Amino acid sequence: MSNQSTLQAAIKPLQDELLNHEIYGSINSVEAVQHFMRFHVFSVWDFMSLVKRLQRDLTCTATPWTPPTNRPAAYIINQIVLGEESDDFDTGKVTNAISHYELYLKAMIEVDPIEVTKLVSMIQRGQNYAEALDAHQRVFGESIPDAVYEFVNDTLSTAEKGATHEVMAAFLFGREDPIPKMFQSIIDNKILSADKSLDSFRLYLQRHIDVDGDDHGPLAFAALSEICGEDEIKWEEATAAAKNAIQMRIHFWSGILKIATSKPYSKVTTKVEERINKRVTKTANEHLKKITVLAYFSLNYHKPFLY
């Protein structure tokens, strides 16, 4: 049995558990979609950190430029970066190019993205991701499942500390490989075709089904094989990273499902301006010593910062 076959056999039970998760069937109303998007958007954002780490490792992003040592892997990751960060939807028009994170934000009809845009803006302002997550959770933690923070922290930790083959395995088996089937299970819910207000969300899902299933998934498989070669130690470490990524996704889904089924979605649960003002004022000295308070008050809460 080849190293790749051994890996796939080892993760098969977890893959089956992930693809049979009950969260997919629960997304059966506009309110359920809103709950799902509110939390799922965090994984849409943190996904790009895995991609960018792989681009850094497999291509040359420094100056002076030097040729990549693994040309096939460099080609593969550059193709994935282009599609994820600047997707033109096969039109060839630069004006149509958009990152999938920004596309997702546009699809969040009637869902205030303040929670994820706050986290992104804190990191954009130079905060270490661990400190930003901790400060963010102290403010928003009452309304966001712990599983969301744990998932994002695991993703960013992998992107920062994992070996290249471990990051590629997490990227492939935690994201690119299962996404087409996961998203197809969501699209199969009648509400996605019955309610026109969800057309943008459906477009996002369908785009990933098409691109990840036909292009990015197979490309990532090829890249992992290029990176690991015949090194059995790398394959073992890649297997462990793949297992962890799938387990974290299952945990992430379960956390979202728990809160989504515990109470109906309403604008009140995401419009947290008053609570932020009260809690930041009360706990700034204790919890946000390392965070500039201006980072919380300078943003217009009714116009989330997009870039």
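This is a short dialogue on how to read some features of a predicted model.

Student: What should I know before I start reading?

Tutor: The model is predicted, so local features need pLDDT of at least 70 and side-chain atom pairs count only at pLDDT 80 or more, while totals for chains, interfaces and linings use all residues. Residues are numbered from 1 along each chain as its sequence is written, and side-chain values use heavy atoms, with hydrogens and water left out.

Student: How many residues of helix 6 are buried?

Tutor: Let's take the words one at a time. Helices are DSSP runs of H or I with at least four residues, strands are runs of E with at least two, and both are numbered from the N terminus. Buried means under 20% relative accessible area, exposed means over 50%, and partly exposed lies in between (1.4 Å probe, protein chains only). Helix 6 covers residues 114-124, and 9 of its 11 residues are buried. Among them are I114, E115, V116 and M122. After helix 6 comes G126, with a positive phi near 105°.

Student: What is a salt bridge, and which residue does E115 pair with?

Tutor: The rule asks for a side-chain nitrogen of Lys or Arg within 4 Å of a carboxyl oxygen of Asp or Glu. By this rule there are 9 salt bridges. In one of them, E115 meets R38 with N to O at 3.0 Å. This pair links distant parts of the chain, since E115 is in helix 6 and R38 in helix 3, 77 residues apart. Both E115 and R38 are buried.

Student: Which residue forms a salt bridge with R175?

Tutor: That is D46, and the closest N and O atoms are 2.8 Å apart. R175 sits in helix 9 (residues 164-176) and D46 in helix 3, 129 residues apart. R175 and D46 are both buried.

Student: Which other side chain does D46 contact?

Tutor: Here we need the polar contact, a pair of N or O atoms within 3.5 Å; within protein, one must be able to donate a hydrogen and the other to accept it, and residues adjacent in sequence count only if both atoms are side-chain atoms. The side chains of D46 and T155 are joined by such a contact of 3.2 Å. T155 belongs to helix 8 (residues 146-161). Why is T155 called buried? Because its relative accessible area is 5%.

Student: Is D90 buried or exposed?

Tutor: D90 counts as exposed because its relative accessibility is 65%. D90 lies in the loop between helix 4 and helix 5. Its salt-bridge partner is R207, with the closest N and O atoms 3.2 Å apart. R207 is in helix 12, 117 residues from D90 along the chain. R207 counts as buried because its relative accessibility is 13%.

Student: What about the backbone angles in that loop?

Tutor: D90 has a positive phi of about 60° although it is not a glycine. F89, found in the loop between helix 4 and helix 5, also has a positive phi, near 55°. F89 is partly exposed, with a relative accessible area of 24%.

Student: Where is there a cis peptide bond?

Tutor: Look at T63 and P64: a cis peptide bond joins them, and omega is about -5°. P64 is in the loop between helix 3 (30-58) and helix 4 (71-85).
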